[in-house]
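Visitor: I would like to learn how to read the helices and strands of a protein model, and I would be glad of some guidance along the way.

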Amino acid sequence: LLMYHTMVTMSEHFYYEHQGFWGGRKPYYHCSWLSIYPDSPEWNAYQAADLEYSLGKYPLDGIFLDNACASGGPGMRSQVGEEAIAHHQEGLRAAIKRANPTGVLYPNYNTLTPMGLRTVSRAWDAHMLEGQHPVPQQHRSGPAWTVADFVTVARRVRGLTGKPFWPLMYTPQQYHKLGIAACGAAWGNPAGVIDRQYLQFMDDVEEYVYSDDVYPAPESTVELASADPDLAATAALRLYPLTGTHDWVIQVVNGTEIDGRLAMREVELELNLPQEDLARRAWVLRPEADAAEPITLTNPLRVNAGVWAVIIIGEELVPRVRTSPALIAPVPGERTDIEVGVRPWASAASVPQMSLALPDGWLSSAAATPVDGVVRLSVTPPQDAATGNREVALRVVSGSRVADLPLLLRVKPRVELTLGPDHFAATGTTEGATALEVANNTSRPITGEVALSPPDGWSASPSS
């Protein structure tokens, strides 16, 4: 859950109420917006305090910072201007982390030079790129690129920042699948496109595409036998650091359109891999199929590709998993049960073993294997565990592969007090009304007292 915020724009009312506030250059108008130069230390401190307050008060996962680099002010596209943007956003990110150690600063940008992108992105956890979308070559235009161009540019962006990013694409509905597939091949995450089947597949292949231990391979690792603007092929290396094992991950995106419909075609690939890797087992994963299709590796490799095909070269496949509840919210000193749904890619797959990798002092159940497709685990934070978000790991052992999947826990306090509204008007004899809610997050009854301490001369009492 991200809160929307904007970096460089504000209302005229705010500006004229605080005209003496600005120590840097005065705000200016850009695209009919009253915009702020990010070199104002007062604005940086004000906005940072606002974000820290919001994340400290509400269960937010971070801030979506719109217009983060859209300033058209004089000198903002210079090296000095881009350094000022980076400095401002570093202050915002530090404030977010003080309130929530796992909180993210997630900006949207659309006007940075390649060098500026590298400079400013040092302040980001992830980012959004608002721009073009992929289409079949006969429909390319100003807002649309061919598949080959889109994947090339998106991979370059990911390489410049080294951060996860979401291309925001205003894609025609008939090309939603193509947009999602192209993002997967370029290690991006689509925004603005919805297709349940393809988004589910993106979730299924997450450990082969988006894991922290997936590293893009050189472009020469996989090459199309003949260049085609409707085709893109990319390769990555999926490492398993705990066992020293690796898999090759090759993605093919096909934007060929026949009679107005995206069509399957045979694609020929040149694989520039070590000879011993070409002797390994391989599978094709597709959005249209729940099971993996085993294939025999040849070089060149011919494979039938729909819009999206993911080829895994290795000895076995890591199963797909999903935890329940989606939000794991334990209470200090109490056990919380977790169910992990397991979907193997093949019926003959090895039986995985799962456990939780937790900080010292935390308790968990023993490692377990699936029973009727479900692994049951539990977690117990220590009595003095700090409340708030904490990232742990679900450890999946599948044959010679050990994958630590990130798992977010939100430790809740034993008792929560909520006041709403937390500000109200009360003048003279006028009474202000608010509601105090007390939530017991433990599994047992709790008794206690709530004391109200109004200022001198004020009184507070229950309304009923």
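Guide: Let us begin with a pair of helices, bearing in mind that this is a predicted model. When two helices touch, we can ask which residues meet: Trp43, Asn44, Gln47, Ala48, Leu51, Glu52, Leu55 and Gly56 in H2 are in contact with His87, His88, Gly91, Leu92, Ala95, Ile96, Arg98 and Ala99 in H3. Sorted by class, the residues in this contact of H2 with H3 are 8 nonpolar, 6 polar and 2 charged.

Visitor: At what angle do the axes of H2 and H3 cross?

Guide: The axes of helix H2, which covers residues 41–57, and helix H3, which covers residues 79–99, cross at roughly 25° and come within 8 Å. Angles under 35 degrees count as roughly parallel, and H2 and H3 are therefore described as roughly parallel to each other. The crossing in which H2 passes H3 is right-handed.

Visitor: How are H5 and H6 oriented to each other, and what angle do they make?

Guide: Helix H5 (residues 147–161) and helix H6 (residues 176–185) have their axes 9 Å apart and pack at an angle of about 40°; H5 and H6 are therefore oblique to each other. As with the previous pair, we can also name the handedness, and H5 passes H6 in a right-handed crossing. On the H5 side the contact is made by Val147, Phe150, Val151 and Arg155, while H6 brings Leu178, Ala182, Cys183 and Ala185. By class, this contact of H5 with H6 holds 7 nonpolar residues, no polar ones and 1 charged one.

Visitor: Which strands does H6 lie across?

Guide: H6 lies across S13, S14 and strand S21 (308–314), and H6 runs at about 145° to S14.

Visitor: How should I read the sheet to which those strands belong?

Guide: The general idea is that strands of a sheet pair through backbone hydrogen bonds, either parallel or antiparallel. Here an open sheet of 6 strands has the order S11-S13-S14-S21-S18-S19, and its pairing is antiparallel. Strand S11 (214–216) and strand S19 (293–295) are the edge strands, each of which pairs on one side only. Ignoring direction, neighbouring strands of this sheet are turned by 25° against each other on average.

Visitor: How many bridges join S13 to S14?

Guide: Strand S13 (residues 231–240) and strand S14 (residues 245–254) run antiparallel and are joined by 10 bridges. To follow one of them, start at Arg238, whose bridge partner in S14 is Asp247.

Visitor: In the open sheet of 3 strands, what is the order, and which strands stand at the edges?

Guide: That sheet has the order S24-S27-S28, again with antiparallel pairing. Strand S24 (353–357) and strand S28 (401–411) stand at the edges and have a single partner strand each, so one side of each is left without a neighbour in the sheet. From one strand to the next, the twist averages 25°. S24 pairs with strand S27 (residues 388–398) over 5 bridges in the antiparallel sense, and Met354 has Val396 in S27 as its bridge partner.

Visitor: How many aromatic pairs does the structure hold?

Guide: There are 7 aromatic pairs in the structure. In the pair of Tyr4 and Phe64, the ring centres are 5.9 Å apart and the planes stand at 40°, so this pair is tilted. The pair links distant parts of the chain, since Tyr4 lies in strand S1 (residues 2–6) and Phe64 in strand S5 (residues 62–66), 60 residues apart.

Notes:
Residues are numbered from 1 along each chain as its sequence is written. This is a predicted model: local features need pLDDT of at least 70, side-chain atom pairs count only at pLDDT 80 or more; totals for chains, interfaces and linings use all residues. Side-chain values use heavy atoms; hydrogens and water are left out. Axes are lines fitted to C-alpha atoms, for helices over the stretch in contact, and angles run from 0 to 180 degrees between N-to-C directions. Helices (H or I, at least four residues) and strands (E, at least two) are DSSP runs, numbered from the N terminus. Angles under 35 degrees count as roughly parallel, over 145 as roughly antiparallel, 65 to 115 as roughly perpendicular and the rest as oblique. A crossing is left-handed if the near helix is turned anticlockwise from the far one by less than a right angle, and right-handed if clockwise. Contact means heavy atoms within 4.5 Å. Ala, Val, Leu, Ile, Met, Phe, Trp, Tyr, Cys and Pro count as nonpolar, Asp, Glu, Lys and Arg as charged, and the others, Gly among them, as polar. Two strands pair if DSSP finds at least two bridges between them. Rings of Phe, Tyr and Trp (its six-membered ring) pair if their centres lie within 6.5 Å; planes under 30 degrees apart count as stacked, over 60 as edge-to-face and the rest as tilted.
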